[in-house]
Number of protein chains: 2
Amino acid sequence: MSEVAHPLGARVLAGDVRALARLCRLVDDGVPSARQALVELFPHTGKAWTIGITGTPGAGKSTLTDKLIGGFRARGLRVAVLAIDPTSPFTGGAILGDRIRMQRHHADAEVFIRSVATRGALGGLSRSAADIIRLLDAWQAAVVLVETVGVGQDELEVTRTVDTTIVVTAPGMGDEVQAIKAGILECADVFAVNKADREGADATMRDLELMLALGDAQRRPSAAAAGADRHGHHGAQSACGAAAPPVPAGGAEADGSWRPPIVRCVATRGEGVDELLKGLDAHRAWLATPPGEARRRARLADAVRLELRSALLGRAEDRMHDAIEEAVSRVARREIDPYSAADALVARLVG
Amino acid sequence: MSEVAHPLGARVLAGDVRALARLCRLVDDGVPSARQALVELFPHTGKAWTIGITGTPGAGKSTLTDKLIGGFRARGLRVAVLAIDPTSPFTGGAILGDRIRMQRHHADAEVFIRSVATRGALGGLSRSAADIIRLLDAWQAAVVLVETVGVGQDELEVTRTVDTTIVVTAPGMGDEVQAIKAGILECADVFAVNKADREGADATMRDLELMLALGDAQRRPSAAAAGADRHGHHGAQSACGAAAPPVPAGGAEADGSWRPPIVRCVATRGEGVDELLKGLDAHRAWLATPPGEARRRARLADAVRLELRSALLGRAEDRMHDAIEEAVSRVARREIDPYSAADALVARLVG
């Protein structure tokens, strides 16, 4: 394995929490030496299991995250948490009361919790998040939990950088939230219906099942009827037989694809957390199958393209700063449209 | 003014609603001829007043949007609405019950309502939204209302493409939502505290005022005490005198900067909508001042960079498809890190 010359990087690899915290901050601030550490640490990454926790605001994601920390610690695993907050550079760091709920783990040296703010920068969030996740991985965290607060593009991008995504929802969150659920449907590897002791939990379960069946219908028209029928029998064991892991209505399908299990929980009381962990384990096992491997590779390809896009824009800014400013002025005067201006700049840079 | 040869483009410019709907769809689908229409229509854009409506899910954004449509129609203005939904290509178009609330305007030929889905593509949302906004502008809409559903990076990007941003919140939405408010604080040109007849409305007003004062303290340390003091007197007329337009606790400041007014409303009953319109008008007047112009230009520069980034990546994919795939394979084998791989690809493309 390659040497890590960067002093902080070497300490992170040795499991030093303080070095990890400092390096996270340097990465966040875009300090050039931090990039060197990332480059050197990269060969030491790829071992952590990264789990995204996203979903509707107020669904209880932080409480559930807290319970998952507890669950993984009970297995003796080192856990890192990255909380992605849409707080701005303007207001400074995170001001989440939710973070306090995780404080009980702060005395535990095998748990590291870090918040990262949403950057205003173009595509800045997911790059920064991906970099920090690699640091947590290099620190030898066995599990990295990535919790997001919002429900937009951020979350979609974050789910594309993790191995397994939990989408958390709760009963009775209204129309708008239903729409959000539809948006993140395809990102979910496991659904958690939290606050399942509340009125409307059954309806929420049914909605999710229906949406999954509709998704099947679009993805694989032949499977539509079967999917709709199976999910009509809520709570019944999956009909696809031996291939399905022991999680209700979900898991690996006969054709090798993954169907998200839907798990009811009441995170505040710890109910359903074991079932959730089972669903996560089943997904991890699926990731080692050929379709799972293919997904991992596709996500890595996304990561490379993200870096490439950023590096290209950086190079363009270096080489053509004045030309870009001039193009902006011409667009402002409406002498040229932004599409043609961009094409002209690309032609000038690349030929 | 330049000719528009594109048949649909020419019809859009003449105010044809059906042509507009078709062209929106072609732009959404990324059809090459649609790009030609955008290029030709660009010189005819820049006249519409674009207003973003964002904020916490469930705060009543759609109802407020509906009332604003009514308010601008009462002034005889042509209005277009772009609703940005985080629904996926997977689930098809928008499934928002909220949209129904705006249906009463559907019979009005001077109102055009369009939903656009969040794309999974990198930076795809804001490009697509910006393009559609330009079409609505070319259709001679006097006002373009851009309503977002989520509260993440999408919204931050959308707010950067509009002239004026309304951030809508409502009392009693919990900790997590407080954090979201902090994140979009800097994007707000006007705050609307909707459902202001509910318990907790005064507390929400105070929270927002406090956050604005804190923002002042970071931005202009000298103004901190004054800001905190003025906002301690909730509801009092702004202390900054003649420079302040007649909206409570907000407007243009003595130093030329803009302080977001905070407007209470009960959208379902139409209460506070006139005050909201006044706040919007004041902001529009501010946009014509030198600091307002500077902001418009900075946003246009962002738009050009967004196009440039996209065009660069497109060119890289064309020229180096195999090299990118090879780089991904090497990163997957951890032979190289994504940072160095991206740099090598850039060097190969640009030199």
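**Briefing on chain A: surface, burial and aromatic pairs**

Chain A exposes about 13,200 Å², and carbon and sulfur atoms supply 53% of that exposed area. The model is a predicted one, and its chain A has a secondary structure that comes to 13 helices and 9 strands. The points below go from the chain as a whole to single residues and then to aromatic rings.

**The chain as a whole**

- Chain A has 351 residues, of which 58% count as buried.
- When the contacts in chain A with a separation of 6 or more are considered, 73% of them are accounted for by residues that stand 24 or more positions apart.

**His6(A) and its surroundings**

- His6(A) is found in the segment that comes before helix H1 of chain A, a helix that covers residues 7-13.
- Is His6(A) buried or exposed? With a relative accessible area of 10%, His6(A) is buried, because the cut-off for a buried residue is under 20%.
- If residues up to four places away in sequence are not counted, His6(A) touches Leu23(A), Ser33(A), Ala34(A), Gln36(A), Ala37(A) and Glu40(A).

**Aromatic pairs**

- Over all chains, the structure holds 6 aromatic pairs.
- One of these is formed by Phe112(A) and Trp139(A), a tilted pair with 5.8 Å centre to centre and 55° between the planes.
- This pair links distant parts of the chain, since Phe112(A) belongs to strand S3 (residues 111-117) of chain A, while Trp139(A) sits in the loop between helix H6 (124-138) and strand S4 (143-148), 27 residues apart.
- Phe112(A) and Trp139(A) are both buried.
- The rings of Trp258(A) and Trp286(A) have centres 6.0 Å apart and planes at 40°, so this pair is tilted, because an angle that is neither under 30 degrees nor over 60 counts as tilted.
- Trp258(A) lies in strand S8 (residues 258-259) of chain A and Trp286(A) in helix H11 (residues 273-287), so the pair ties together parts that are 28 residues apart in sequence.
- Trp258(A) and Trp286(A) are both buried.

**Arginine over a tryptophan ring**

- Which residue lies over the face of Trp139(A)? Arg78(A) takes that place, at 4.6 Å from the ring centre, and Trp139(A) is also the partner of Phe112(A) in the tilted pair described above.
- In chain B, Arg78(B) lies over the face of Trp139(B), at 4.6 Å from the ring centre.

How values were computed: Residues are numbered from 1 along each chain as its sequence is written. Chains are lettered from A and ligands numbered from 1 in the order in which they are written. This is a predicted model: local features need pLDDT of at least 70, side-chain atom pairs count only at pLDDT 80 or more; totals for chains, interfaces and linings use all residues. Side-chain values use heavy atoms; hydrogens and water are left out. Helices (H or I, at least four residues) and strands (E, at least two) are DSSP runs, numbered from the N terminus. Buried means under 20% relative accessible area, exposed over 50%, partly exposed in between (1.4 Å probe, protein chains only). Contact means heavy atoms within 4.5 Å. Accessible areas come from the Shrake-Rupley method with a 1.4 Å probe; for residues, only the protein chains shown count as cover. Rings of Phe, Tyr and Trp (its six-membered ring) pair if their centres lie within 6.5 Å; planes under 30 degrees apart count as stacked, over 60 as edge-to-face and the rest as tilted. A charge sits over a ring if NZ of Lys or CZ of Arg is within 6 Å of the ring centre and within 35 degrees of the ring normal.
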